[in-house]
Amino acid sequence: MKPIDQHSIQQLFTDARTHSYWQDRGIAADTLRQLYQLAAMGPTSMNSEPGRFVFLTTPAAKQRLLPALAEGNRDKTLAAPATVIVAHDPTFYRHLPELFPHMAGADKMFADNEELARVTAFRNGTLQGAWLIMAARALGLDCGPMSGFDNGKTDEIFFAENGWKSNFLINLGYGDLEKLYPRGKRLDFEEACVLL
C-alpha cells in the first residue's frame, strides 16, 4: 500500500469534525448501503462482525428513539438526515461457520464462554462503529457520534425481539460548517503515547 494523498487525510482526519447542526439535505438509501459495505471491510477479531446498525431515516423512526435520548441530544438528532444506532449482537458467533470457516468449532468457543462472547461482541462492535464513521467521512458525509441516551430503553424499543445491545449513536448528514465550535485540543504524542 502507498500513503493516501493529503486531501484524503484531511477529509478523514484533520478537517473532519463532530457535527451537531445539519444542512437540509437527505442521504440516499444507496449511500447508506455503500456506507455499511465499506465499514464491513474493516477488520474484526476472527472476522466476527458483531456490529449491527439501525439507520433511522424517517421522522417516525426518530420519534421512537426520542424517549431514550438525553434532552441535549434531541434537537440535533431530529434535525439530522439519519441517525445510526450502533449496536452489537451478543450471539454473533452463530455466523462464524460462514465468516471464519477455516477454524472449525470457533462458534462453540464463544457459545461455551459467555464472558468471552460479551467482551468480543462489545469490543469489535465498537470497532465497527468507528469503521462506520470513517466510511461515512470517505463518502463525504459528516458525523455526530454521541452517548447521552438510555441504552436499556433503546434496547427495549428496538431490540426486544433480536437481543442486540446498543452501544452509541451517530448522527449522519451534511454538517453546517458555520455552526461548528472551535476544534478542541488533542493530547500531544508525549502525553498519550509510550515509544519503547
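Helices, here runs of at least four residues in the DSSP assignment, and strands, runs of at least two, are numbered from the N terminus. In this predicted model, the protein chain reads along its sequence as α-α-β-α-α-β-α-α-α-β-α-β-α. That pattern holds 9 helices and 4 strands.

**The chain as a whole**

Taken along the principal axes, the C-alpha atoms fill a box of roughly 55 × 45 × 35 Å. The radius of gyration of the protein chain is 18 Å, which agrees with the value near 16 Å that a compact globule of 196 residues would have. Of these 196 residues, 39% count as buried. Contacts can also be sorted by how far apart the two residues stand in the sequence. Among contacts with a separation of 6 or more, 81% join residues 24 or more positions apart.

**Two helices that meet**

Two packed helices are described by the angle between their axes and by the distance between those axes. Helix α2 covers residues 29-39 and helix α7 covers residues 114-138; their axes come within 8 Å and cross at roughly 125 degrees. An angle from 65 to 115 degrees would count as roughly perpendicular, and one over 145 as roughly antiparallel. The angle here falls in neither range, and α2 and α7 are therefore oblique to each other. Their crossing is right-handed.

On the side of α2, the contact is made by Leu35, Tyr36, Leu38 and Ala39. On the side of α7, the residues are Trp131, Leu132, Ala135 and Ala136. What kinds of residue make up this contact: nonpolar, polar or charged? The contact of α2 with α7 has 8 nonpolar residues, no polar ones and no charged ones.

**The loop between α2 and β1**

After α2 comes a loop that leads to strand β1, residues 51-56. Met46 lies in this loop, and so does Glu49. Each of these two residues has a positive phi while being a residue other than glycine.

| Residue | Phi | Place |
|---|---|---|
| Met46 | near 55 degrees | loop between α2 and β1 |
| Glu49 | near 45 degrees | loop between α2 and β1 |

Is Glu49 buried or exposed? The cut-off for buried is under 20% relative accessible area. Glu49 has 14% relative accessibility and therefore counts as buried.

Conventions
Residues are numbered from 1 along each chain as its sequence is written. This is a predicted model: local features need pLDDT of at least 70, side-chain atom pairs count only at pLDDT 80 or more; totals for chains, interfaces and linings use all residues. Side-chain values use heavy atoms; hydrogens and water are left out. Axes are lines fitted to C-alpha atoms, for helices over the stretch in contact, and angles run from 0 to 180 degrees between N-to-C directions. Angles under 35 degrees count as roughly parallel, over 145 as roughly antiparallel, 65 to 115 as roughly perpendicular and the rest as oblique. A crossing is left-handed if the near helix is turned anticlockwise from the far one by less than a right angle, and right-handed if clockwise. Contact means heavy atoms within 4.5 Å. Ala, Val, Leu, Ile, Met, Phe, Trp, Tyr, Cys and Pro count as nonpolar, Asp, Glu, Lys and Arg as charged, and the others, Gly among them, as polar. The radius of gyration is taken over C-alpha atoms; the globule rule is 2.2 Å times the number of residues to the power 0.38. Buried means under 20% relative accessible area, exposed over 50%, partly exposed in between (1.4 Å probe, protein chains only).
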